[in-house]
Amino acid sequence: MTATWDLTTPGVLRLPSGRLVRGRGLSRPLPQGPQPTFALYLLGHRPPQVAWESRWLRWPDFWLPSDRAAAADALREAWARAGTERVEIACAGGRGRTGTALACLAVLDGVPNREAVAYVREHYAPRAVETPWQRRFVSRFR
């Protein structure tokens, strides 16, 4: 059974393949409507428990994931699951780390690395991917 996001849901990014992924800032209240079926949380500390399946990547604010191999694995899982599930990617503010992860999902979805940050800024948030090293991470992501 397919349970994906509605394109009108706030924070939802449509990837070129049609997959929908919601980006969100955990510092803001949980949006109304359907809950995620899977979430990837990008924080420097363990996130609070949630009612849905989730995975945590240790990723300090304004930096990069502490374990790049684990990050690549988690991002691939999120991208694959977004084909049939409501996947949420979230950090505290919903811009830097979340935007970086969404840009990596765009790369997995076929967007060239050099265009992925611009894609996410156009279709998700204009200030997504906040630091030069986050942009470099996306440019080198495979």
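This is a walk through the helix packing and a few individual residues of the structure above. The model is a predicted one, so keep that in mind as you turn it on your screen.

Let us begin with helix α1, residues 68–81, and helix α2, residues 96–108. These two pack at an angle of about 65 degrees, and their axes are 10 Å apart. That angle makes α1 roughly perpendicular to α2, since angles of 65 to 115 degrees are counted that way. The crossing of α1 and α2 is right-handed. If you would like to display the side of α1 that takes part, pick L75, R76, A78 and W79; their partners on α2 are A101, C104, L105 and L108. Sorted by class, the contact of α1 with α2 has seven nonpolar residues and one charged residue, with no polar ones.

While you are at α1, have a look at E77, which is also in this helix. E77 counts as partly exposed because its relative accessibility is 24%, and buried would mean under 20%. Leaving aside residues up to four places away in sequence, E77 touches F38 and R55. The C-alpha atom of E77 is also separated by 9.4 Å from that of L40, a residue 37 places away along the chain.

Now follow α2 to its other helix partner, α4, which spans residues 132–140. The axes of α2 and α4 come within 9 Å and cross at roughly 15 degrees. This makes α2 roughly parallel to α4, as angles under 35 degrees count as roughly parallel. The crossing of α2 and α4 is right-handed. On the α2 side, G96, R97, T100, A103, C104 and V107 make the contact, and on the α4 side Q134, F137 and V138 do so. The residues of this contact of α2 with α4 fall into five nonpolar, three polar and one charged. Note C104 in passing: this residue of α2 appears in the contact with α1 and again in the contact with α4.

Helix α3, residues 113–123, comes next. Which of its residues are buried? They are A116, V117, Y119 and V120. Viewed down the axis of α3, these buried residues fall within an arc of 160 degrees, so they line one face of the helix. The general geometry helps here: an α-helix has 3.6 residues a turn, so residues three or four places apart point the same way. On the other side of α3, R114 and E122 are exposed. The cover over the buried residues of α3 includes the strand β1 (12–14) as well as α2 and α4.

The pairing of α3 with α4 deserves its own view. Their axes come within 7 Å and cross at roughly 125 degrees, and α3 and α4 are therefore oblique to each other. Here α3 passes α4 in a right-handed crossing. From α3 the contact uses N113, A116, V117 and R121, and from α4 it uses R135, V138, S139 and R140. By class, the residues of the contact of α3 with α4 divide into three nonpolar, two polar and three charged. A116 and V117, then, are both buried and part of the contact with α4.

Finally, let us visit the loops. Most residues other than glycine have a negative phi. F62, in the loop between β4 (53–58) and α1, has a positive phi of about 70 degrees although it is not a glycine. V129, in the loop between α3 and α4, likewise has a positive phi, near 65 degrees. Are these two residues buried or exposed? F62 counts as partly exposed, at 40% relative accessibility, whereas V129 is buried, with a relative accessible area of 1%.

Two more loop residues round off the tour. G110 sits in the loop between α2 and α3 and counts as exposed, at 58% relative accessibility. The C-alpha atoms of G110 and L15 are separated by 9.0 Å, with their positions 95 residues apart along the chain. R28 belongs to the loop between β2 (20–25) and β3 (38–43) and is partly exposed, with a relative accessible area of 41%. Not counting residues up to four places away in sequence, R28 touches G93, G94 and R95. Of these, G94 is 66 residues from R28 in sequence and 9.1 Å from R28 in space, C-alpha to C-alpha.

How values were computed: Residues numbered from 1 in each chain as written. Predicted model: local features only at pLDDT ≥ 70, side-chain atom pairs only at ≥ 80, totals over all residues. Heavy atoms only, no water. Axes fitted to C-alpha atoms, helices over the stretch in contact; angles between N-to-C directions. Helix = DSSP H or I, 4+ residues; strand = E, 2+ residues; numbered from the N terminus. Parallel < 35°, antiparallel > 145°, perpendicular 65-115°, else oblique. Left-handed = near helix turned anticlockwise from the far one by under 90°. Contact = heavy atoms within 4.5 Å. Nonpolar A, V, L, I, M, F, W, Y, C, P; charged D, E, K, R; others polar. Buried < 20%, exposed > 50% of the residue type's maximum accessible area, 1.4 Å probe, protein only. Arc of directions from axis to C-beta.
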